[in-house]
Amino acid sequence: QGDMNELPLTGQWAAICLLAHELMLWSSSDRRCLFDVFRLPAAWRPYMVFREMVPGNLVGLSSAAPVHVCSTTNAMGWISAVGVSQHLHRNMLRISERRTKELHCVAEWRRRRSAPLSGMQADFAAWLVYIDNLEVQEILPAVEAKSLQGSVAEFIKQARENYLVWGSEGADDKDVLRVFDVQVLGERVDG
C-alpha cells in the first residue's frame, strides 16, 4: 500500500486563508519518469513477473525459447505502484543519507493531518508530494510576494539538493516558480 493514506487531497486547500494584505505564491517541481527510476530489491522480482512470455533472445538469452520477464522498477499499472512511488518521493525529501536539506515534516500537507499553514507568521510555507510532483505554497505580504514572483522558493531549492543526492532527474520545463495563478492537480489556484 505504500503511502496511499498520505496522498493529500485538494479539498484540504480550502483551509488556506489569506488576510487582505497577503498573497499566496505557488511553485511546482515535476520528477521525470518517477516510476522507472527506482530499482526494486531482487527479492521482489518473483512478484513482478509479467503474464506474457517473450522469446528469450529478445532479452539477451541465446535461446529463443519463451521466458517470463519481470520488472526491476516500480512498474506503472502494478496495483501498489502509486503508493510505493508516493512513499519513495516523500522520503527522498524528508530523509537524506547525506543529510542535505530535509524538508520540514511539520510543513507537509498530508491526508491525515491538519493544514500546515496557519495564521502564525512562522507557518507561511508548506509543501506536498503528489506522486511525481512537489507542490509548494507560500503566504506572504503582497509587496514581498510580488517581488519574489518567478524566483525559486526555498523548499524547491532544498528539494533540488535532495534530488541530486538521490539521482532523481527533474522535468525543469514543467517547473512552476512562484506564481499567483496556477492549474495544479486538476484545480485552479488563485493566490
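In this predicted model, W13 is buried, with a relative accessible area of 10%. W26 is also buried, at 1% relative accessibility. The rings of W13 and W26 have centres 5.0 Å apart and planes at 70°, so this pair is edge-to-face. The two residues belong to distant parts of the chain. W13 sits in the segment before strand 1, and W26 sits in strand 1 itself. In sequence they are 13 residues apart.

The count of aromatic pairs comes to 2. W44 and W78 also form an aromatic pair, and this pair too is edge-to-face. Their ring centres are separated by 5.9 Å, with 70° between the planes. W44 lies in the loop between strand 1 and strand 2 (49-55). W78 lies in the loop between strand 3 (66-70) and helix 1. The pair therefore ties together parts that are 34 residues apart in sequence. W44 is partly exposed, with a relative accessible area of 32%. W78 is partly exposed as well, at 26%.

Attention turns next to the interior. The largest nonpolar core has 16 residues. Those with the most contacts inside this core are L93, L103, W127, L134, V136 and F155. Four elements each supply at least two residues of the core: helix 1 (81-94), strand 4 (125-130), strand 5 (133-141) and helix 3 (154-166). Helix 3 gives the most, with 4 residues. A second, separate core has 12 residues, including I16, L117, L128 and V184.

The surroundings of W127 were examined in more detail. Neighbours within four places in sequence are left aside here. Beyond them, W127 is in contact with the nonpolar residues L93, L103, A107, W109, L134, V136 and F155. R94, H104, E108, E135 and Q137 are also among the contacts of W127.

Helix 3 has 13 residues. From its first C-alpha to its last, helix 3 reaches 19 Å. This is close to the 18 Å expected at 1.5 Å a residue. Its buried residues are F155, I156, Q158, A159, N162, Y163 and V165. In an α-helix, residues three or four places apart point the same way, because there are 3.6 residues a turn. The cover over the buried residues of helix 3 includes strand 1 (22-30), helix 1, strand 4 and strand 5. After helix 3 comes G167, with a positive phi near 70°. Y163, one of the buried residues of helix 3, also meets a charged group. The charged end of R31 sits over the ring of Y163, 3.5 Å from the ring centre.

Positive phi values also occur outside glycine. C33 has a phi near 55°, although C33 is not a glycine. Its place is in the loop between strand 1 and strand 2. C33 is partly exposed, with a relative accessible area of 48%. R178 likewise has a positive phi, near 45°, in a residue other than glycine. R178 is found in strand 6 (residues 176-179). R178 counts as buried, at 8% relative accessibility.

The cysteines were then checked for bonding. The count of disulfides comes to 0. The cysteine sulfur closest to that of C33 belongs to C70, at 19 Å. A disulfide needs the two sulfur atoms within 2.5 Å, so the sulfurs of C33 and C70 are too far apart for a bond. C70 counts as partly exposed, at 28% relative accessibility.

C70 also appears among the contacts of F50. F50 lies in strand 2. F50 is partly exposed, with a relative accessible area of 41%. With neighbours within four places in sequence left aside, F50 is in contact with H68, V69, C70 and S71. The C-alpha atoms of F50 and H68 are separated by 6.5 Å. Along the chain, F50 and H68 are 18 residues apart.

Terms used: Residues numbered from 1 in each chain as written. Predicted model: local features only at pLDDT ≥ 70, side-chain atom pairs only at ≥ 80, totals over all residues. Heavy atoms only, no water. Core = buried A, V, L, I, M, F, W, Y, C linked by side-chain atoms within 4.5 Å. Buried < 20%, exposed > 50% of the residue type's maximum accessible area, 1.4 Å probe, protein only. Contact = heavy atoms within 4.5 Å. Expected span 1.5 Å × (residues − 1). Phe/Tyr/Trp six-rings, centres within 6.5 Å; stacked < 30°, edge-to-face > 60°. Lys NZ or Arg CZ within 6 Å of the ring centre and 35° of its normal.
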